[in-house]
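Subject: Structure for you to look at

Dear colleague,

Please find the structure we spoke about just below, together with its sequence. My notes on what was found follow it, and I would be glad if you read them with the structure open.

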Amino acid sequence: MAGPLHVVPEAGEGPSHVVVVGGGIAGLAAAHALVHGNPAPPRVTVLEGSPLLGGKLRVGQVAGVTADAGAESMLATRPEALRLVREVGLDDRIVAPATTKAGLWSRGRVQPLPSGLVMGVPTDLRALARSGTLSLPGLLRVPLDHLMPRTPLDSDVSVGSYVAARIGDEVVDRLVDPLLGGVYAGHAHGLSLQATLPALFRELADERSLLAAARRVVSTGASGSGARRGPVFVGLRGGVGQLPLAVAAALRDNGVDVRTSATVRGLERRTSGWRVLVGDTRNPETITADAVVLAVPAAPAARLLTPVCAPAAAELGEVEYASVALVTLVYRARAVEGRLAGSGFLVPSVDDRAIKAATFTSAKWDWEAEEAATGGDVGEPLAVLRVSFGRYGEESMLQRDDAELAELGHADLRAALGVTEPPVTSAVTRWGGGLPQYAVGHVARVERIRRAVSEQPGLAVCGAAYDGVGIAAVIGSARAAAARVAEHLGARRQWRHA
């Protein structure tokens, strides 16, 4: 039998009330944007269904050494992430990588990635030739792009089909696909050019040549390399997983009610605002609000929107996700000495390896190297490496248990680097449905979703399903959602961070 129904005061009886559904970095950032620096902030409640805040950002300990279990870096070429870091008092922990050189495990050897790539599209043909990444026929195919007529780009296309048509399949297989796979856990032939490479897509409107368009992207710094000075990516001393916890602490200090294990099961439009149904059927709670921000993945957002905004729900139902697993392997430092060049390597899927990438985290981040050098729980210097598994449509690999994944990761590191001594310990983090797939037409789909949502007063959406999967892009979408809500509440003139 259902328990009592708990109801908070109706919307409109006092300060405006905003409910943020989702306690990942998107929801926390949206709540922060609503209250930070606002002399008359609304009352804000953040509801997270799981026991933990932070979504895909998490930090933990492996063998007594701190390690990120999710994203471990943030794009520094966009302002949103660093701004939030500074606003919650973590600016003294911002660090640049000790090395930015990455490799490619291709055709049986790890080699440096050629310089001047725009998500795998080359801009320096000499560097490409020196790298040995492509076969001679594949290398000779690339400059034919300059002689070919324009490839029509009247609408969105897949990255793989466009790049292959211009500079050959081998560039897609050996460069574009592993780089895209590292970001989206998807395949180049299934991902949108407009959504995943927007700067390049814009340049192609004016350029006949793909190579020329890529060079223009680099020259402006839009690719995150080239004209811009300073690091492209940064991390936090102690792990990027600290960020959502720091934001949540700042929110609570500002009177925001941040709740975990609070699953939102329903959303209802009312004349005076919104009703949010929280908890299980035995002990339901109804919260009323003037506005709602949905900061959850596409599937739960679609479920909540179906009764109140069916067109947006239908579009969100078409967004698919890839599942991934991250395996942190801790070795004795002597076991990998002299074997870790750069920050790690990517793996082309055509080589049929188990892992898709490896990151030498204790070589990439000085703070982690310092921790590892103390010996952690082992008592002698350590090295921390991380490998990733899982691409869209290849979830069978993730059905293996943790011990099998750790052994597969070690086996690939042994083959790639010659690491024969087994790790002293390992930790596996699984992100089921962790990365949205930006299929062809994604940008237009997001426009339709937002258009439908805009017809519902006081409703906004944000998160990785919309404008980018990186931390900065997700925070950017959260700030945009907060701005929409603030405008609805009539607080835009007081809110300084729209």
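Is I25 buried or exposed? At a relative accessibility of 9%, I25 counts as buried, because the cut-off for that class is under 20%. Before going further, I should say that this is a predicted model, and what follows should be read with that in mind.

I25 belongs to helix α1, and once its neighbours within four places in sequence are left aside, I25 is in contact with G54, L57, L84, L243, P244, V474 and I475. To give a sense of distance, the C-alpha atoms of I25 and V157 are separated by 30 Å, the two residues being 132 apart along the chain.

Two of those partners, L243 and P244, lead on to a helix pair, since both also appear in the contact between α1 and α10. Helix α1 covers residues 25-35 and helix α10 residues 242-253, and the two pack at an angle of about 35° with their axes 10 Å apart. The crossing of α1 past α10 is left-handed. On the α1 side the contact is made by I25, L28, A31, H32 and V35, which meet L243, P244, V247, A248 and L251 of α10. Sorted by class, these residues are nine nonpolar and one polar, with no charged residue in the contact.

The protein as a whole

The protein has 498 residues, and the radius of gyration, 23 Å, agrees with the value near 23 Å that a compact globule with that number of residues would have. Along its principal axes the C-alpha trace spans about 70 × 60 × 45 Å, and the chain is built with 18 helices and 23 strands. Buried residues account for 54% of the 498, while the accessible surface comes to about 20,500 Å², 51% of which belongs to carbon and sulfur atoms. Among contacts between residues at least 6 apart in sequence, 73% join residues that are at least 24 apart.

A mostly covered helix

Helix α5 (residues 159-167) is mostly covered, with seven of its nine residues buried; these are V159, G160, Y162, V163, A164, R166 and I167. The elements that cover them include β11 (121-122), α4 (136-141), α6 (169-184), α7 (193-196) and α9 (210-220). After α5 comes G168, which has a positive phi, near 105°.

Of the covering elements, α6 can be described in further detail. The axes of α5 and α6 come within 9 Å and cross at roughly 145°, and the crossing is right-handed. From α5 the contact takes in V159, G160, V163, A164 and I167, and from α6 it takes in D169, V171, V172, V176 and L180. By class, this contact has eight nonpolar residues, one polar and one charged.

Helix α9, another of the elements that cover α5, contains T220, which is exposed, with a relative accessible area of 52%. The C-alpha atoms of T220 and P423 lie 43 Å from each other, with their positions 203 residues apart along the chain.

Loop residues to inspect

Two residues have a positive phi although neither is a glycine: R107, at about 55°, and S261, at about 50°. R107 sits in the loop between β8 (103-106) and β9 (109-112), and R107 is partly exposed, with a relative accessible area of 44%. S261 is in the loop between β13 (257-259) and β14 (264-270), and S261 counts as exposed, at 52% relative accessibility.

What, finally, does V319 touch, not counting residues up to four places away in sequence? The residues are A298, P436, Q437 and R445. V319 lies in the loop between α12 (310-316) and β18 (321-332), and yet V319 is buried, with a relative accessible area of 9%. V319 and L305 are 14 residues apart in sequence and 14 Å apart in space, taken from C-alpha to C-alpha.

With kind regards

How values were computed: Residues are numbered from 1 along each chain as its sequence is written. This is a predicted model: local features need pLDDT of at least 70, side-chain atom pairs count only at pLDDT 80 or more; totals for chains, interfaces and linings use all residues. Side-chain values use heavy atoms; hydrogens and water are left out. Axes are lines fitted to C-alpha atoms, for helices over the stretch in contact, and angles run from 0 to 180 degrees between N-to-C directions. Helices (H or I, at least four residues) and strands (E, at least two) are DSSP runs, numbered from the N terminus. A crossing is left-handed if the near helix is turned anticlockwise from the far one by less than a right angle, and right-handed if clockwise. Contact means heavy atoms within 4.5 Å. Ala, Val, Leu, Ile, Met, Phe, Trp, Tyr, Cys and Pro count as nonpolar, Asp, Glu, Lys and Arg as charged, and the others, Gly among them, as polar. The radius of gyration is taken over C-alpha atoms; the globule rule is 2.2 Å times the number of residues to the power 0.38. Buried means under 20% relative accessible area, exposed over 50%, partly exposed in between (1.4 Å probe, protein chains only). Accessible areas come from the Shrake-Rupley method with a 1.4 Å probe; for residues, only the protein chains shown count as cover.
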